[in-house]
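The following exercises are intended for a reader who meets this structure for the first time. Each task is followed by a solution in steps.

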Amino acid sequence: MPKKVVIVGGGTGGTITANVLARKASKEADTILVCNESQHIYQPGYLYRALGEIMDESKIIREERKLLDRRVKLVIDEAVKIDIQNRVVSLMSGKQLEYDYLVISTGSRIVPEEVPGYEASYHFYSLEGARKLHEALERFKEGVIAVGIGGIPYKCPPAPAEFCCLLDYYFTRRGIRDRVEIHYLSPLPRTFPHEAVAEAITEMMERKRIHWHPMFNIESVDPEKKTVNSLEGESLRFDLLVMVPPHKGAEVVERSGIGVDGGWIPVDKHTLQYKDYDEVYAIGDATNLPVSKSGAAAHFEGKIVADRISSEIMGHEPRAAYDGKVICFCDAGFKKAIYMSFNYENPPKKPRFSYMWYLGKQVVNRSYWSLILKGYI
Amino acid sequence: MNRGEYKVDKVVDARGSHCPGPLMELIKAIKNTEVGQVVAVYSTDSGSKTDIPLWVKKAGHELIGVYDRGGYTEFIVKKTR
């Protein structure tokens, strides 16, 4: 009898896990993917939607069913409770799914309301947010734009710095760059967590006349005075504020009592297993691993988990282990980008901005649907 | 867990973290900690020796100690406000 594998969450990590597992253990596993939504959104597209480079949203949205191996059973429903003692996932519809293996890939959710005064800010962390930010940018004629971070952790740590560089490109193309001051509020003493990368990004920001403020973690916003205030005690006046909203783990994780510090699931950094429950895995944004919350991390973790579960089902010792691998492209505008690759043992090297990596990012954007989500690469 | 006279309330193992990095992990932990509690961060990132003390000072918390643990560094920070 096939083993029941339930995957909760159909983002990048969940979709890849389901597809790889269905191929590796087509007869031995009954792969069930639970998704809240029937549509899958390519989230890196939000940033380009905000800047107007993608206006046709069908380019970043697909039907989840069409992205899945035909052997994956797709359940469109919301998981409301995960009972790991009794190996049952309860759904909003009232159905209950029993499992032999569970993969939690419920991602993260944004909670902008946790920052007092957030209503005076914009963001590019949802499709709706990106649309509103685009309208605000189109109306913007002159003044100060501040880009900062409202809470840690958040998805894609380089995204705010990347957005500043792309704002420079956006306003240059509109012919009003000289009338716009761009300020990057970095949560760290540098422009990027790793020193070698920070050096390259700082040089780029200085060339682009982007003002950056070290150690500015947003604590509150004053909508009337139009100031943004840091928990380190500083303040900056803005005309338009782009704030990365605070993130939390999925509500089902908090409700099920398996998350810590904001709903992040503690897992082994190599096996991705939850505590002493060898049959329970978590991947992607949902975990509390010290790697970036990004599609790239979820991608590599999903393949590891699919490998481990299929090995075990087929009677082998699961040996695949996550080494902390993340890859990352950062677009600086003017058709130049950087590429970084690192893992737990090997930090990133100082990257170089080039046209080649800009093309690399375009290739990743295009291969997402056909190759990455299918788990072929 | 005790570090001399201090009881550590939360341990953040950020060894091998290059992005978001140990300081971001510390900031996250401090936000989820009560005033008066103590956080220990493990880091293998060479930049942490500069940036963790800098941030702790600027944010007004207390750096209780920095210890070389052979292969990684342990930072002990008390949330003071």
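The structure is a predicted model.

**Exercise 1. Determine how far apart the centres of the two domains of chain A lie, and describe the contact between these domains.**

Step 1. Taken over C-alpha atoms, the centres of domain 1 of chain A and domain 2 of chain A are separated by 31 Å.
Step 2. The domain assignment places 3-107 + 250-325 in domain 1 and 112-247 in domain 2.
Step 3. To the contact between them, domain 1 of chain A gives 12 residues and domain 2 of chain A gives 17 residues.
Step 4. On the side of domain 1, the largest share, four residues, is supplied by helix H2 (residues 45-50) of chain A.
Step 5. Sorted by class, that side of domain 1 holds five nonpolar, three polar and four charged residues.

**Exercise 2. Describe the contact between chain A and chain B.**

Step 1. Chain A contributes 26 residues and chain B contributes 19 residues.
Step 2. The side of chain A that touches chain B consists of 16 nonpolar, five polar and five charged residues.

**Exercise 3. Establish in which sense strands E13 and E14 of chain A pair, and which unit they form with helix H6.**

Step 1. Strand E13 (residues 180-185) of chain A pairs with strand E14 (residues 210-213) of chain A in the parallel sense, over four bridges.
Step 2. Tyr184(A) has Trp212(A) in E14(A) as its bridge partner.
Step 3. Together with helix H6 (residues 195-207) of chain A, E13(A) and E14(A) make a right-handed β-α-β unit.

**Exercise 4. Identify the residues with the most contacts inside the largest nonpolar core, and the parts of the structure that supply this core.**

Step 1. The largest nonpolar core has 136 residues, and Cys164(A), Tyr281(A) and Leu26(B) have the most contacts inside it.
Step 2. Helix H8 (residues 295-313) of chain A gives the most to this core, namely nine residues.
Step 3. At least three residues of this core come from each of domain 1 and domain 2 of chain A.
Step 4. Apart from its neighbours within four places in sequence, Leu26(B) contacts Val12(B), Val39(B), Val41(B), Ile52(B) and Val77(B).

**Exercise 5. Decide whether Gly295(A) is buried or exposed, and describe its surroundings.**

Step 1. Gly295(A) lies in helix H8 of chain A.
Step 2. A residue counts as buried if 20 or more other C-beta atoms lie within 10 Å of its own.
Step 3. Gly295(A) has 26 other C-beta atoms within 10 Å and is therefore buried.
Step 4. Not counting residues up to four places away in sequence, Gly295(A) touches Thr12(A), Gln43(A) and Pro44(A).
Step 5. Gly295(A) and Cys328(A), 33 residues apart in sequence, are 9.5 Å apart in space from C-alpha to C-alpha.

How values were computed
Residues numbered from 1 in each chain as written. Chains lettered and ligands numbered in written order. Predicted model: local features only at pLDDT ≥ 70, side-chain atom pairs only at ≥ 80, totals over all residues. Contact = placed C-beta atoms within 7 Å. Nonpolar A, V, L, I, M, F, W, Y, C, P; charged D, E, K, R; others polar. Domains from an automatic or database assignment. Helix = DSSP H or I, 4+ residues; strand = E, 2+ residues; numbered from the N terminus. Pairing = 2+ DSSP bridges. Right-handed = clockwise from strand over helix to strand, strands pointing away. Core = buried A, V, L, I, M, F, W, Y, C linked by C-beta atoms within 7 Å. Buried ≥ 20, exposed ≤ 12 C-beta atoms within 10 Å, placed from the backbone.
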